[in-house]
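Hi,

Here is the structure I promised to pass on to you. Please have a look at it first, and then read my notes below.

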Amino acid sequence: MARSTNPFRYFDSSPEVIRTVVMMYVKYPLSLRNVEDLLAERGIDICYETVWLWWNRFGPMFAAEIRRKRVQRMRSFTHWRWHLDEVYVKINGEMHYLWRAVDQEGEVLESFASKTRDKAAALTFMKKLMKRHGRARAITTDGLRSYKAAMKDLGNTAKQEIGRWANNRVENSHLPFRRRERAMLRFRQMKTLQKFSSVHAAFHNHFNQDRHLISRATYKAQRSAALAEWKTLAA
């Protein structure tokens, strides 16, 4: 007898409810209890611990499927510029670092958490980035010397560009993640930071429509398309 591959087979709730819960928690700056209260108002009675369980179980799965489809589409286009930056994240009173990369359109390409921001961490981050997305024609960074040392080992030092305000693209991309971090009251473990940042990046890419750059009609059409594709995940 063939084993069922349905990822929802052990859950009493419908896949539609699970997708909605995961989307609400990851996409919006809501706490676990905020999501529980919003669903209760809509007649869906679940505990905040269930919200935590579902995002941990299904969030990475949904994110992986979104990422796989987007990477396949993006490989047909030339990556002419990447923007790299790192942000401080405090975990249990200790400073950690989240390395993030976006392309010229603001698409989040990679997130990587580390305890240091030295050459080894930068090299690991850039190897992960290049393994998934290939190579870019230009790479914009800040003045951190770890980038230059890592790029020297990779043989693409000539592609590095450093300039005042040149990295605003990635600096601005940190804001949605920072809002989620505040709603979660920070992180407790580095592996949770790595897991959530990767999931959040995939969700942000999927639902971000650059609303300030397009008309209302175009935005509504793209939003509907994103939601329709979301409803087919793990179907």
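K195 counts as partly exposed because its relative accessibility is 29%, a value between the 20% under which a residue is buried and the 50% over which a residue is exposed. Please keep in mind that this is a predicted model. K195 has its place in helix 7. Leaving aside residues up to four places away in sequence, K195 touches W55, N56 and P60. D153 is 42 residues from K195 in sequence, and the C-alpha atoms of the two are 28 Å apart in space.

Two other residues of helix 7 are worth a look. Q194 is found in this helix, which covers residues 190–207. The side chain of Q194 reaches the backbone oxygen of S111 at a distance of 3.0 Å. Not counting residues up to four places away in sequence, Q194 is in contact with S111, F112, A113 and K128. N205 is also found in helix 7. Is N205 buried or exposed? With 8% relative accessibility, N205 counts as buried, because the cut-off for buried is under 20%. Its contacts, again without residues up to four places away in sequence, are R70, E107 and V108.

Helix 7 also packs against helix 8, which spans residues 216–230. The angle between the two is about 135°, and their axes are 9 Å apart. That angle makes helix 7 oblique to helix 8. On the helix 7 side the contact is made by F203, H206 and F207, and on the helix 8 side by A226, L227, E229 and W230. Sorted by type, the residues of this contact are five nonpolar, one polar and one charged.

Now to another pair of helices. Helix 1, residues 15–27, packs against helix 3 at an angle of about 90°, with the axes 9 Å apart. How do helix 1 and helix 3 lie to each other? They are roughly perpendicular, because angles of 65 to 115 degrees count that way. From helix 1, the residues V17, I18, R19, V21, V22 and Y25 take part, and they meet V51, W54, W55, F58, G59 and F62 of helix 3. This contact between helix 1 and helix 3 divides into 10 nonpolar residues, one polar and one charged. You will recognise W55 here, since W55 is also one of the residues that K195 touches.

Next comes helix 4, which runs over residues 119–133 and has 15 residues. From its first C-alpha to its last, helix 4 reaches 21 Å, close to the 21 Å expected at 1.5 Å a residue. Which residues of helix 4 are buried? They are A121, A122, L123, F125, M126, L129, M130 and H133. What covers these buried residues includes two helices and four strands: helix 3 (48–74) and helix 5 (145–154), together with strand 1 (82–91), strand 2 (94–103), strand 3 (108–114) and strand 4 (139–141). Just after helix 4 comes G134, with a positive phi near 80°.

The loops hold a few details too. N92 has its place in the loop between strand 1 and strand 2. Its phi is near 55°, a positive value in a residue other than glycine. N92 is exposed, with a relative accessible area of 59%. L185 lies in the loop between helix 6 (168–183) and helix 7. Although L185 is not a glycine, its phi is positive, at about 60°. At 62% relative accessibility, L185 counts as exposed, because that is over 50%.

The last residue on my list is T78, in the loop between helix 3 and strand 1. With a relative accessible area of 47%, T78 is partly exposed. T78 touches Q104 and R137, not counting residues up to four places away in sequence. T20 is 58 residues from T78 along the chain, and their C-alpha atoms are separated by 34 Å.

Best wishes

Methods
Residues numbered from 1 in each chain as written. Predicted model: local features only at pLDDT ≥ 70, side-chain atom pairs only at ≥ 80, totals over all residues. Heavy atoms only, no water. Polar contact = N/O pair within 3.5 Å; in protein donor to acceptor, adjacent residues only side chain to side chain. Contact = heavy atoms within 4.5 Å. Expected span 1.5 Å × (residues − 1). Buried < 20%, exposed > 50% of the residue type's maximum accessible area, 1.4 Å probe, protein only. Axes fitted to C-alpha atoms, helices over the stretch in contact; angles between N-to-C directions. Parallel < 35°, antiparallel > 145°, perpendicular 65-115°, else oblique. Nonpolar A, V, L, I, M, F, W, Y, C, P; charged D, E, K, R; others polar.
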